[in-house]
Amino acid sequence: SNFDVTIRNGRICTANETYYADIGIKDGVIAAIAKSLPAGKQDIDAAGRWVLPGGIDSHCHVEQLSGMGMMCADDFYSATVSAAFGGTTTIVPFAAQHRGNQIPEVVADYAKRAAEKAVIDYGFHLILADPTAEAIEKHLPAVIKDGITSFKIYMTYDRMKLDDYQVLDVLECASKEGALVMVHAENNDMIRWIARRLVERGLTAPKYHAVAHTSIAESEATNRAVALATLVDVPILIVHVAGQEAVRVIHSSQALGLPIHAESCPQYLFLTAKDIDLPGLEGAKFCCSPPPGDEASQEAVWQGLINGTLQMFSSDHAPYRFDESGKLPKGDATTFKDMANGVPGLEVRMPLLFSEGVLKGRMTIERFVAVTATNHARTYGMYPQKGTIAVGSDADLAIWNPEKAVTISTKMLHDNVGYTPYEGKQITGWPEQVFSRGRLVVTDGKLQAERGSGKFIKRSTPEPVLRQRLTGNPNSVMRKYFSVDPSEKH
Ligand code: URP
Ligand code: ZN
Ligand code: ZN
Ligand code: ZN
């Protein structure tokens, strides 16, 4: 066996176990895991280091127009470089349809831009803002066959939101064709109603964004999304869970046996509504939807990630600069309604959770691997090619120095945002060598990968969808009256 790379003496951590062994890599794939493997052409001593699966960030916005029509500050190059420096080796950003756009053109456009620039592997979720009959009957089945096996839909934002009838149509299509629907659950009318009253009274500072986006809007929409999914008997995934009320809705639906999946993000563990309450426009740097809540919500999100209510930890990296291209009001616009929503987090996602979760003893390293890598691969149809350390899996690995002290600052990060909400935060642990399909893409602070070397990952049927076909409710209206027998598909 002549390995291209051998990684020796590392402490290997997967979602299930931790052990010491060598890893032999050949042709981009893990070829052997054992004690005392022969030397590789490249031989790496990982003694004192932890060897983890490369992270998967299944919620990030890259080179995308937002729901409010603003362009992200990161393109597929800066975003994937930044991800790699933080230990992430696969991203699943969005190909975003806006109303009136044809889905095949949207997908082809994103695919082209990513292929030219990405330095790590990537897939896409399709954002669906215009579920016409043609989209449902023709375009969605086609993109699913092409390996885009998940869609994101919005219950809020005037330009993106679907009504409940449209949500049901999309859920039915996903069930038949084998895709997972991700839901941005916030009640649009509640938010609009509060926001209008705030603005009328001159309450326009960034902190009022967090008042308008009340946690009641999140939990109401979450509850409604669960009900819509239950009617159609399909799994769904609630994205960027922020409030303790929403965590409770998800937890109780799971206790009833419903196939409700959920993710949360760094901003809901490490920020609160106090952070957005800054003088002038400074609070805009902390403006995202849903907004971080109070300490009780922070604690509920921690508990949810630890106990399994929330299966994934993604960044929801939504990069906007602190200027008129993103966060700051443009022209005559002056209110919190006019700031881009979203915070950056692609590079610091894993180091923050490693330091504050694993090293502080709140979360096991196995759970860390599950919520940052393995569960993303399973949930989105990339397992076991991605998301684990096993013979036959892609050699996507990060070698972590668990003792490295780091002070987070925008100067050390590789995105194009120009600020970080975590400026000055001191953490411990950082990935020093990062491999993508056996290629050392980052080593000791240096990028080695070339623009365009990342590959599109064609994803298969998400595990929640496969599971639901076996365990779904035979008495649901779908199966009883509309004879949807998903077992006939695939
Ligand atoms: O505020 C956020 N999260 N902006 C990004 C868009 C989204 O809804 O995920
Ligand atoms: Zn099909
Ligand atoms: Zn969202
Ligand atoms: Zn998002």
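Strands S15 (residues 397–407) and S16 run antiparallel and are joined by 8 bridges, and in this pairing Ile399 stands opposite Gln433 of S16. The model is a predicted one, and the points below take up S16 and its partners, the surroundings of ligand 1, and the protein as a whole.

**Strand S16 and its partners**
- Strand S16, which covers residues 426–436, is mostly covered, with 8 of its 11 residues counted as buried.
- Besides S15, strand S16 pairs in the antiparallel sense with strand S17 (residues 439–443), here over 4 bridges, and Ser436 stands opposite Arg439 in S17.
- The hairpin formed by S16 and S17 has 2 residues between the strands, and in this hairpin Arg437 takes a positive phi near 45°.

**Surroundings of ligand 1**
- The residues around ligand 1 include three histidines, His61, His184 and His240, together with Cys288, Ser289, Asp316, Ala318, Asn341 and Gly342.
- Sorted by class, this shell holds 6 polar, 2 nonpolar and 1 charged residues.

**The protein as a whole**
- The protein contains 15 helices and 18 strands, and its C-alpha trace spans about 70 × 60 × 40 Å along the principal axes.
- The radius of gyration is 22 Å, which agrees with the value near 23 Å for a compact globule, because that is what such a globule of 490 residues would have.
- Buried residues account for 57% of the 490 residues.
- Of the contacts between residues at least 6 apart in sequence, 77% join residues at least 24 apart.

Terms used. Residues numbered from 1 in each chain as written. Chains lettered and ligands numbered in written order. Predicted model: local features only at pLDDT ≥ 70, side-chain atom pairs only at ≥ 80, totals over all residues. Buried ≥ 20, exposed ≤ 12 C-beta atoms within 10 Å, placed from the backbone. Pairing = 2+ DSSP bridges. Near = placed C-beta within 6 Å. Nonpolar A, V, L, I, M, F, W, Y, C, P; charged D, E, K, R; others polar. Rg over C-alpha atoms; globule rule 2.2 N^0.38 Å. Contact = placed C-beta atoms within 7 Å.
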